[in-house]
Amino acid sequence: MANVTVIGAQWGDEGKGKIVDWLASRADAVVRFQGGHNAGHTLVIDGNVFKLSLLPSGIVSGTLSIIGNGVVLDPWALKGEIEKLESQGVTITDDNFAIADNCPLILPIHRDLDGLRETAAGSGKIGTTGRGIGPAYEDKVGRRAIRVCDLAHLDTLEPQLDRLCAHHDALRAGFDQPPVDREALLAELKEIAPFVLRFAQPVWKRLKKVRKAGAKILFEGAQGVLLDVDHGTYPFVTSSNTVSGTAASGSGLGPNSTGFVLGIVKAYTTRVGSGPFPTELDDADGQRLGERGHEFGTVTGRQRRCGWFDAVLVRQSCAISGVTGVALTKVDVLDGFDTVKICTGYRLRGKIMDYFPSHAADQAEVEPIYEEMEGWSESTAGARSYADLPANAIKYIQRVQELIETPVALVSTSPERDDTILMRDPFVD
Ligand code: IMP
């Protein structure tokens, strides 16, 4: 069985969109299993740019695309994204797109709460995408969420809605906000319901059928392992589990279905939002990485923080997520640096560490220990074979591979689908 699970091995924005699109063109089904429209994937196909937040990347190439139960779904964002893609010539029907009917919804009250909390937190804010992701997951585990299947039973929703609104009214009162307008919320749900229900089904069943037929399934992770609610830089994390294990629970297939785990790794490090970042650069090198790498968020347009490659963090992510091989992206952004640095360990109050500690204060205090390597002046952009790469770029990739203790399966050298050097095919291995 040749399934592939793609996850980000840093703080998201590793360039998953291109790799997922490239794999999606060879898959029979693509499944999103966590997160929501906080994700931002940019696909460039034959010069055309497609921006996705919620829909699986397979949708652009017409591959069966599935939103699993582990996702939190904003129905209005879904409609907006589908309409935008349709205006770009993409066909989306219930033949090539399905939504898990047990998927919890993101409602306007979740977006409100996300914003109110961030504003109240001031400089202590998480720096969320403001999409209501955290509050929606809270309601899911609090067992008071409205789910996709509830949209088919709106006439009997009142007791559920009352319970949910009572909870939110209390929270809103703490922010001097009026109670939830239940009538307006119900009316909005009634209006959007038919649009969503067209695609709703028990997707575990559809996936079971797909799997039985021997199809190749691609599980598309969003964000990155360092934003995982358990394993990430807590509390500066997203509210879902972003590790590969979630591919199974977030789609309704068992852990023996997730196949080759491909960790996407950027050749340097970036992060949006607040939180610790040991190799962050506040100097001209950091600015240069940001400019050359076009490091602005797809979803919020925020400038990303940039720094050198942190091998300690990626080694940890690969271990936690059982990564089989990594896809190294944006190596070309390092072209032209006289020297490049890799973080190989940390110093914490005089002690050397070979892992990233769990406590927030320790995470904020670790100092990176760097190894310096000679850079390369030649361009790596668009290279399609290892032989096209300058010797120092090859040395850099090999050193990264050694330090993260995980093989590099492919190297991406531009946003274009075919500018990829393949060492190990995830669908075949
Ligand atoms: P939330 O997921 O909107 O709650 O945001 C929580 C944290 O995750 C913030 O630091 C966000 O910037 C970050 N985040 C969420 N989604 C992404 C993503 O797709 N790429 C990078 N960072 C993300």
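This section describes salt bridges, charged surface patches, aromatic contacts and backbone features in a predicted model.

A search of the whole structure finds 20 salt bridges. Side chains of opposite charge can pair when their charged atoms come close. Between Asp139 and Arg144, the closest N and O atoms are 2.6 Å apart. Both partners of this bridge, Asp139 and Arg144, are buried. In a further salt bridge, Asp169 is paired with Arg182, and here the closest N and O atoms are 3.4 Å apart. This pair links distant parts of the chain, with Asp169 in helix α5 and Arg182 in helix α6, 13 residues apart. The two partners fall into separate accessibility classes: Asp169 counts as buried at 19% relative accessibility, because the buried class covers values under 20%. Arg182, with a relative accessible area of 27%, is partly exposed.

A salt bridge is also formed by the side chains of Glu365 and Arg349, at 3.1 Å from N to O. Glu365 belongs to helix α11 (residues 360-365), whereas Arg349 is in the loop between β14 (339-348) and β15 (351-353), so the bridge ties together parts that are 16 residues apart in sequence. Glu365 has a relative accessible area of 40% and is therefore partly exposed. For Arg349 the corresponding value is 55%, which places this residue in the exposed class.

Beyond these pairs, a network of salt bridges links Asp13, Lys266, Glu295, Arg304 and Lys330. Asp13, a member of that network, is located in the loop between β1 (4-8) and α1 (16-24). The relative accessible area of Asp13 is 23%, so the residue is partly exposed. The backbone at Asp13 has a positive phi of about 60 degrees, although the residue is not a glycine.

Most residues other than glycine have a negative phi, and most peptide bonds are trans. Arg143 is likewise not a glycine and has a positive phi of about 60 degrees. The loop between α4 (133-141) and α5 (158-174) contains Arg143. With 72% relative accessibility, Arg143 counts as exposed. A cis peptide bond is present between Tyr234 and Pro235, with omega at about 5 degrees. Pro235 is placed in the loop between β8 (217-220) and α8 (246-249).

Charged residues also form patches on the surface. A negative patch consists of Glu158, Asp181, Glu183, Glu188 and Glu191. Helix α6 (residues 182-197) supplies the largest share of this patch, namely three residues. Glu183 is found in helix α6 and, at 63% relative accessibility, is classed as exposed. Helix α6 is also the location of Arg182, the partner of Asp169 in the salt bridge described above. A positive surface patch is made up of Lys205, Lys208, Lys209 and Lys212. Lys209 is part of helix α7 (residues 203-212). The relative accessible area of Lys209 is 66%, and the residue is accordingly exposed.

Six aromatic pairs are present in the structure. The ring centres of Trp376 and Tyr396 are 5.8 Å apart and the planes are at 55 degrees, so this pair is tilted. The two rings link distant parts of the chain, 20 residues apart: Trp376 is in the loop between β16 (367-374) and α12 (391-404), and Tyr396 is in helix α12. Trp376 is buried, at a relative accessible area of 2%. Tyr396 is buried as well, at a relative accessible area of 1%. One aromatic cluster is formed by Phe97, Phe195 and Phe199.

A contact between separated sequence positions involves Gly36 and Ile106. The C-alpha atoms of these residues are 8.7 Å apart in space, while the residues are 70 apart in sequence. Gly36 is situated in the loop between β2 (29-32) and β3 (41-45). At 0% relative accessibility, Gly36 is counted as buried.

Technical notes: Residues numbered from 1 in each chain as written. Predicted model: local features only at pLDDT ≥ 70, side-chain atom pairs only at ≥ 80, totals over all residues. Heavy atoms only, no water. Patch = residues over 30% accessible without salt bridge, like charges linked within 9 Å, V, L, I, M, F, W, Y side chains within 5 Å. Areas by Shrake-Rupley, 256 points an atom, 1.4 Å probe, with all protein chains shown as cover. Salt bridge = Lys/Arg side-chain N within 4 Å of Asp/Glu carboxyl O. Lys, Arg positive; Asp, Glu negative; His and termini not counted. Charge placed at Lys NZ, Arg CZ, Asp CG, Glu CD. Helix = DSSP H or I, 4+ residues; strand = E, 2+ residues; numbered from the N terminus. Buried < 20%, exposed > 50% of the residue type's maximum accessible area, 1.4 Å probe, protein only. Phe/Tyr/Trp six-rings, centres within 6.5 Å; stacked < 30°, edge-to-face > 60°.
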